[in-house]
Amino acid sequence: MGIDLRSLLGPARDQGPRQTCLSFAVSDAHRASRRHGVDFSAECLHLRACAVLDQPLEEAVSPFATARVLENFGQVEEEAWPYGSSAASMNDSPAFKARQAASGFAPLLVRDALQNGQPVVSTLAIGGEFWGVEDQAGLLRARVLPIEACHAVVIIAVCETDEGAVYLLRNSWGKAWGQAGHVWAHADYMQEATLACLTIEELN
């Protein structure tokens with residue numbers, strides 16, 4: 001028996017070479033939790049989060065910063081602030097606010113969130129397994145050390161197997177990566193690699 005929320009989102013997006021994975025993951029989780037028909041702007045979230053942290057736009061942002069932006073400013077839709085553009089195109093587009101909550105990786109929490117239609121953002125400490133995902137036989141079981149980066153994905157589905165729970169991770173490296181931008185990960189991998197889990201709840 002499983003829960004699958006892929007139908008709440010479109011095709012996996014591509015962040016390109018920028019350090020915007022958390023902004024994409026939070027944006028996708030925000031969209032899905034609202035049943036919103038179009039993508040939210042990852043650029044809007046990232047640039048405003050950089051402003052909260054007073055840091056260069058080239059750097060990755062933190063869950064603290066994305067939480068501040070979601071609650072105080074909200075997000076506009078992708079069309080109003082496309083990826084790679086400045087705020088000049090935003091005009092008077094409506095902003096959608098949300099509350100972001102953080103926890104560790106807890107299987108029951110993740111399952112309950114998915115059952116309620118809320119994908120879960122997972123920040124991970126990853127190794128070479130993410131770059132060689134096609135060599136993992138469709139299932140991440142263990143990290144390939146050394147740890148090379150922190151990365152954010154969205155847990156979009158869970159399924160029970162004879163070997164325990166497996167989770168479907170939505171990445172932001174485009175449709176050519178993994179299984180149309182997704183990969184399954186065993187519960188043991190998630191326990192080992194997860195730094196934090198984030199859930200998004202709409203405010204307006």
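Start by selecting helix 1 (residues 21–34) and helix 2 (residues 42–53) in this predicted model. Their axes come within 8 Å of each other and cross at roughly 125 degrees. That angle makes helix 1 oblique to helix 2, because it falls outside the 65 to 115 range that counts as roughly perpendicular and is not over 145, where roughly antiparallel begins. The crossing of this pair is right-handed.

Now show side chains where the two helices touch. On helix 1, pick out Ser23, Phe24, Val26 and Ser27; on helix 2, pick out Ala42, Leu45 and His46. Colour them by class and you should find four nonpolar residues, three polar ones and no charged ones.

**Next stop: helix 3**

Keep helix 1 on screen and add helix 3, which covers residues 63–72. How many degrees is the angle at which helix 1 and helix 3 pack? The angle is about 45 degrees, and the axes are 11 Å apart. Helix 1 is therefore oblique to helix 3 as well. Here, too, the crossing is right-handed.

To see the contact itself, select Leu22, Val26 and His30 on helix 1, then Pro63, Thr66 and Leu70 on helix 3. These residues divide into four nonpolar, two polar and no charged. Pause on Val26 for a moment: this residue of helix 1 takes part in the contact with helix 2 and also meets helix 3.

**Into the pocket**

Hide the helices' side chains and turn on a surface. Rolling a probe the size of a water molecule over the atoms shows where empty space is left. The largest pocket has a volume of about 200 Å³. Which residues lie nearest the centre of the largest pocket? Select Gln15, Gln19, Cys21, Cys150 and His151, which are part of a lining of 13 residues.

Now highlight strand 5, residues 149–161. This strand gives the most to the lining, with three residues. Across the whole lining there are eight nonpolar, four polar and one charged residues.

**Last stop: a glycine in a loop**

Finally, find glycine 128. Where does glycine 128 sit? Look in the loop between strand 3 (120–126) and strand 4 (139–140). Leaving aside residues up to four places away in sequence, glycine 128 touches Val144 and Glu148. Then try the distance tool: select the C-alpha atoms of glycine 128 and threonine 199. These two residues are 71 residues apart along the chain, and their C-alpha atoms are separated by 27 Å.

Key
Residues numbered from 1 in each chain as written. Predicted model: local features only at pLDDT ≥ 70, side-chain atom pairs only at ≥ 80, totals over all residues. Heavy atoms only, no water. 1 Å grid on protein atoms, 1.4 Å probe; cavity = no way out; pocket = protein on both sides within 12 Å on 5 of 7 lines; lining within 4 Å. Points joined across faces, edges and corners; volume = space filled by probe spheres on them. Helix = DSSP H or I, 4+ residues; strand = E, 2+ residues; numbered from the N terminus. Nonpolar A, V, L, I, M, F, W, Y, C, P; charged D, E, K, R; others polar. Axes fitted to C-alpha atoms, helices over the stretch in contact; angles between N-to-C directions. Parallel < 35°, antiparallel > 145°, perpendicular 65-115°, else oblique. Left-handed = near helix turned anticlockwise from the far one by under 90°. Contact = heavy atoms within 4.5 Å.
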